Amino acid sequence: MRFRRLLVVSLVLCTTVTAGFAGQLPAADAAPESVDRPRDRPAIHAIYPDPVRGGDRGEFVVLALPNGTALGHYAVTDGDTTAALPNRTAGGRVAVTDAPESVRNLTDYPVVGLDSAPALANGGDSVRLKRNGSTVARVRYSDTEEGELGVIAGSTIRWHPLGATDRPVVTGGPGEARAFTLPDAPGAPLAPIRNATSRVYLAGYTLSSARVADALVAAQRRGAEVRVLLEGEPVGGRTRTEATTLDRLREAGIEVRVVAGPRARYRYHHAKYAVADDRAVVMTENWKPAGTGGQSSRGWGVATSQSRVVSGLTETFRADAGWRDAVAWGDFREGRSFQRGEAANTSYPSTFDATTVPVKRTELLVTPDNAQPALVTELDAANDSIDVVQPTVGGWDEPLVRALRRAAKRGVEVRLLLSSAWYAREENRGKVKRFNAWADRTGSPLTAKLADPGDRYGKIHAKGAILDGDRVIVGSLNWNEQAATTNREVVLLLYGTAVADYFGRVFERDWNGGRPSVPLGIAVAVLGALAVAALAARRVRFAS
């Protein structure tokens, strides 16, 4: 497996540490104080005891230092070996190591070289920071994970793949968003790219669409900086069509990278978004004919120019494309064979046009950093209704599924629409049966069903929800624990009745198998009128 889940082990601290730093970030709950708040005395912030490189070359300890700290008063020790720090001043977070050249390639921290350093045992050890012989900070850890950074977070150590981010939730707005659905509006996700003149950063799982490639090449010819980041090893392999598409982009001078290799920080780079000048697109669909091409999948998407959201996506892209697990496509493809893919070329009606709607605010969420706890919190805050559309959902006791049941138990009306595609039908049929049986047994207002695409789309690929008629969740995240904790995913949480109304209409049509929904009052009136008409007809027949 290319990603290991966070491992939490106990430790003993003589000082506290703050959360947040460039490059490798700790858990969001590591400490409540500001990153920039000065400290009274140095502390141990993180340890890297088990490098991927042979012989454990490249171990380091990260210190958090007050500005102007005189390092010459301090030493790092494991009880067997004591290494004095050099006679210089430093502040902020620095990595201390006896392999400075190696470590500079592993971290963005300033690196302080030592003549010698304690050997950090992979099976567990105790590291102390001493000042003039007295211990001022101590970290005790047990088993390590190769290639992972152990970040002190309160009373625990959280192990992250080296270079993994821990981004905060980013909030933007108020503003406007361009809401769209697929296959109805295939032009919407490409519109920002087709208008870009300065930059296009496109992130995805796969990219095989000639339309998308045309737009990227055209942007590059207009002088825009164009960069592409994709998953290196998608499930089922990469198709020949996609390989040819990526070759074309590379030959046009576009930077194309794929996340792959033993040092990959995420199980899958599954995010689906683009930054084009000062606009961004976030959606549920892949950059291929079946997705953004509008030739198969039911998908949801949003384009926004809210500056904080655009900046957050830009920072996420740069962090992911700039790490050493982002391999140049030309190097990655050498010696590889590719699969024959299935063409998607079906046409579907355009019932829902892309629509510009006001939003009160928008929150940018990413996994594995912050999305799942934020979504659980939002589901737990629902008061009236939750409508969810997903290709499938995770196990019965996984956090998002449990949150749906909690909502239903407190009286929130929950509707769950799952894919009926051939590859998910039997599994989803079992999930639907279990949800509905639970609802019947507990008397909870929850209903689950399989989608009936009819001639409106090929399959459900959307991953979204409408809550209380005033907020919408849309993004790449499949609602299961593995995706939420090991993948790179991007999700938007949009607040506003207009955006909820838009996606609510799409959901109602799909929930009803293509039939437009009728408000309850109108339905009652129509039924009443039909009953009166039927009674009148009977009287006429009897009279004759």
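**Aromatic and helix packing in a predicted model**

W511 counts as buried, since its relative accessibility comes out at just 9%, under the 20% cut-off. The model is a predicted one. F507 also falls on the buried side, with a relative accessibility of 1%. Both F507 and W511 belong to helix α11, which spans residues 497–511, and they sit four residues apart, or about one turn of the helix.

What about the rings themselves? In total, the count of aromatic pairs comes to twelve. One of these is F507 with W511, a stacked pair with 5.7 Å centre to centre and 20 degrees between the planes. Elsewhere, W300, Y502 and F503 are linked into a cluster by ring pairs.

Turning to helix packing, α3 (residues 210–221) and α4 (residues 240–251) have axes that come within 10 Å and cross at roughly 5 degrees. Angles under 35 degrees count as roughly parallel, so α3 runs roughly parallel to α4. On the α3 side, the contact involves A210, A213, D214, L216 and V217, while α4 brings in T245, R248 and L249. Sorted by character, the residues of this contact are five nonpolar, two charged and one polar.

Stepping back to the whole protein, the secondary structure adds up to twelve helices and 29 strands. There are 544 residues, and 55% of them count as buried. The protein exposes about 22,900 Å², with carbon and sulfur atoms supplying 48% of that area. As for contacts between residues at least 6 apart in sequence, 75% join residues at least 24 apart.

How values were computed: Residues numbered from 1 in each chain as written. Predicted model: local features only at pLDDT ≥ 70, side-chain atom pairs only at ≥ 80, totals over all residues. Heavy atoms only, no water. Axes fitted to C-alpha atoms, helices over the stretch in contact; angles between N-to-C directions. Helix = DSSP H or I, 4+ residues; strand = E, 2+ residues; numbered from the N terminus. Parallel < 35°, antiparallel > 145°, perpendicular 65-115°, else oblique. Contact = heavy atoms within 4.5 Å. Nonpolar A, V, L, I, M, F, W, Y, C, P; charged D, E, K, R; others polar. Buried < 20%, exposed > 50% of the residue type's maximum accessible area, 1.4 Å probe, protein only. Areas by Shrake-Rupley, 256 points an atom, 1.4 Å probe, with all protein chains shown as cover. Phe/Tyr/Trp six-rings, centres within 6.5 Å; stacked < 30°, edge-to-face > 60°.
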